[in-house]
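Reader: I've got a chain open on my screen and a handful of things I'd like to ask about it. Could you walk me through them?

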Amino acid sequence: MAIDPICGMTVDEISATAMSEYKEKKYYFCALGCQRSFEKDPEKALASGEKRMPPPQVLSVGSIGMPRPRPDGTVPALERERARDGVRIDLPLLGMSCASCASKIEKALQPVPGAHSASVNFATGKATVRMARGGRIGPLIDAIRAAGYDVARARTVLRIGGMSCASCISAIEASLCQREGILSCSVNLATGKAVVEYLPSLINLEKIEKAVREAGYTIVSETETSSALSTQETGSDRVLLRRLAGALLLTLPIMAIMYADLFGWGDRILLHSRIGLLVQFLLATPVQFWAGWEFYKGAWAMAKRRTSDMNTLIVVGTSAAYFYSVAATFSPGLFGADMPSVHVYYDTSAAIITLILLGRFLERRARGKTSDAIRRLIGVQAKSARLVGGEGEKEVPLAEVRVGDRLLVLPGETIPVDGRIVEGYSSVDESMITGESLPIEKRTGDRVVGGTLTQTGRFLFEATQVGAEMALSQMIRWVEEAQGSKPPIARLADRIAAIFVPAVMAMAGVSFLAWSIWGPFPTLPHALLSAVSVIIVACPCALGLATPTSVMVGISRGAESGILIRSGEAFQEARR
């Protein structure tokens, strides 16, 4: 066994992560970071390492490379160093059936880079691993799965507010995936949802939601009924519609003033006078800061995280045009122009904001229509059930039904939950589940599915699945998850969008400099308009919306026809 000269840890020469040779002597390292630190200044590393290295007599090796306690019960210095610098990780395991399974998993974890020690407790079903700080969980899980076992994990779907373009996806995923305990995350702009797979032993839902908020976005609480969901979305649509209507009413007069010369009206409306410029200023200001407030808010949230998104492009482009026009209106001498020849671009900033608001409104309406299939599935559910007990028959809300309750269903009613008939007879329309249009005869002992419709006869049945365990609830969840899943082509678009905004900003800057140096006189207006044009034309919204929207529409139409599509990947492969 050797000693890592940087951290002082015990390293097996055969399985060491890295090795360096200095002055004809070999040194072994537990990680590449230690090797790089050593090679920067070997003399300094060896000088300080001698103080850290424990005496050789305490380096007896116990289970999985750990030193055994001394006879007096004290722990060697090396163990104390690890306890202080390392990180303990508890992983709940799946698939263990005997004590030999624990031994097998321990052996699988031994060679994982960064794992100082590992012990598996068959009684608790957990693996306890001591990792170096900065060590990754992924290799641990891979080693466990390679041994034929798995780690207990959880999955949650978060509804996220504030996303506006494809670059928002990369911002949220980056904030989530850097958290310890999150195994995977997939954000879908079209559905406004994030699917997160995580280890409950390392991170909880509260911390996951905090990561989303730190990225500059909000968590929208899931509503249980279609009416509540519709009300929430309708309220948001109304706010957007009001801003769009206000921007449109203010932008049209600006456009009329700016292009009055085309119709010979320039002199009559005092186009080039101070009054004409002041009127444009008064009309454009509410458009810029009231109608476009959400853009500024989104850009500021991104700036605090030292990143950018589509809001950043909009704010930079429109603000440049607006503030240049303000300066030209009130101080035309700054640009070497007098009042009759001054040029302003209030129409540019106002028209850009108005058109982008219109695009977002149409996009939100389109996304709302794709969720109609889910709303219809939710609407199929019964709102109450007829409970039969010792006190007779009474109607109770569906949320109060428990497994084992006996429920009565009359002809023409919707079956409230899944169960098994204990008395009676009926014919049931199960086309919602099976696609079969003919009613199915049901007798004592037959299973019935919640959400299906009885036609003739009444029966008493015992509830076997309620709430989220019902077949209908699972169908709704499958459709929602399939809508939110990404086919491979969507992941490619996300990777492009992640670098799209910075690239556009860089190109706009190059364009501004080029026109400032080689452009015709006056150079500043030409350079400004060129940069703004690059920023506005290069909009990544379509890049991030085209594929997920098509997946949503296809899966929703399939659900309407009784066809359940498992995932976006299956949807993409179906074309073959």
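Reader: Is A147 buried or exposed?

Author: This is a predicted model, so the values here are computed from predicted coordinates. A147 sits in the loop between helix 5 and strand 8 (150-151). The cut-off for buried is under 20% relative accessible area. At 10% relative accessibility, A147 therefore counts as buried.

Reader: Leaving aside neighbours within four places in sequence, which residues is A147 in contact with?

Author: For a sense of place, take E106: A147 and E106 are 41 residues apart in sequence, and 9.8 Å apart in space from C-alpha to C-alpha. With the neighbours within four places left out, the contacts of A147 are K104 and A108.

Reader: Helix 4 and helix 5 come up next for me. Which residues of the two helices meet?

Author: Helix 4 covers residues 99-109 and helix 5 covers residues 138-146, and their axes come within 9 Å. On the helix 4 side you'll find I105, A108 and L109, and they meet helix 5 at L140, A143 and I144.

Reader: And why do helix 4 and helix 5 count as oblique to each other?

Author: Their axes cross at roughly 135°. Over 145 degrees would count as roughly antiparallel, and 65 to 115 as roughly perpendicular. The crossing falls in neither class, and its hand is right-handed. Helix 4 and helix 5 are therefore oblique.

Reader: Now helix 10 and helix 11: is their crossing left-handed or right-handed?

Author: The axes of helix 10 (residues 293-304) and helix 11 (residues 310-330) come within 8 Å, crossing at roughly 120°. That makes the two helices oblique to each other. Contacts come from E294, F295, Y296, G298, A299 and M302 in helix 10, and from N311, T312, I314, V315 and S319 in helix 11. As helix 10 passes helix 11, the crossing is left-handed.

Reader: On to the rings. How many aromatic pairs does the structure hold, and why is the pair of Y322 and F323 edge-to-face?

Author: The count for the structure is eight aromatic pairs. In the pair of Y322 and F323, the ring centres are 5.1 Å apart and the planes stand at 80°. Planes over 60 degrees apart count as edge-to-face, so with its 80° this pair is edge-to-face.

Reader: Which residues do ring pairs link into a cluster?

Author: Two members are already familiar. Y322 is buried at a relative accessible area of 3%, while F323 is partly exposed at 46%. The cluster joined by ring pairs is F289, Y296, Y322, F323 and Y346.

Reader: How many residues of strand 11 are buried?

Author: Strand 11 has antiparallel pairing with strand 9 (residues 154-161) over six bridges, and R155 stands opposite E197. Six bridges also join strand 11 to strand 10 (residues 182-188), again antiparallel, with I182 opposite Y198. Strand 11 (residues 193-198) is largely enclosed by the rest of the structure, because its buried residues number five of the six.

Reader: In the open sheet of six strands, which are the edge strands?

Author: The order of this sheet is 14-13-15-21-16-19, and the pairing is antiparallel. Inside it, strand 16 (residues 418-424) and strand 21 (residues 459-465) are joined by six bridges, and R420 stands opposite E462. Pairing on one side only marks the edges: strand 14 (392-397) and strand 19 (447-448).

Reader: And the open sheet of three strands: which strands stand at its edges?

Author: Here the order is 18-17-20, with antiparallel pairing. Neighbouring strands are turned by 40° against each other on average, direction ignored. Strand 17 (residues 426-429) pairs with strand 20 over three bridges, and V428 stands opposite T454. A single partner leaves one side of a strand without a neighbour in the sheet, and that is so for strand 18 (440-442) and strand 20 (453-456).

Reader: Zooming out, how many of the residues of the chain count as buried, in per cent?

Author: The chain has 19 helices and 21 strands. Among contacts between residues at least 6 apart in sequence, 65% join residues at least 24 apart. Of its 576 residues, the buried share is 44%.

Methods:
Residues numbered from 1 in each chain as written. Predicted model: local features only at pLDDT ≥ 70, side-chain atom pairs only at ≥ 80, totals over all residues. Heavy atoms only, no water. Pairing = 2+ DSSP bridges. Helix = DSSP H or I, 4+ residues; strand = E, 2+ residues; numbered from the N terminus. Phe/Tyr/Trp six-rings, centres within 6.5 Å; stacked < 30°, edge-to-face > 60°. Buried < 20%, exposed > 50% of the residue type's maximum accessible area, 1.4 Å probe, protein only. Axes fitted to C-alpha atoms, helices over the stretch in contact; angles between N-to-C directions. Parallel < 35°, antiparallel > 145°, perpendicular 65-115°, else oblique. Left-handed = near helix turned anticlockwise from the far one by under 90°. Contact = heavy atoms within 4.5 Å.
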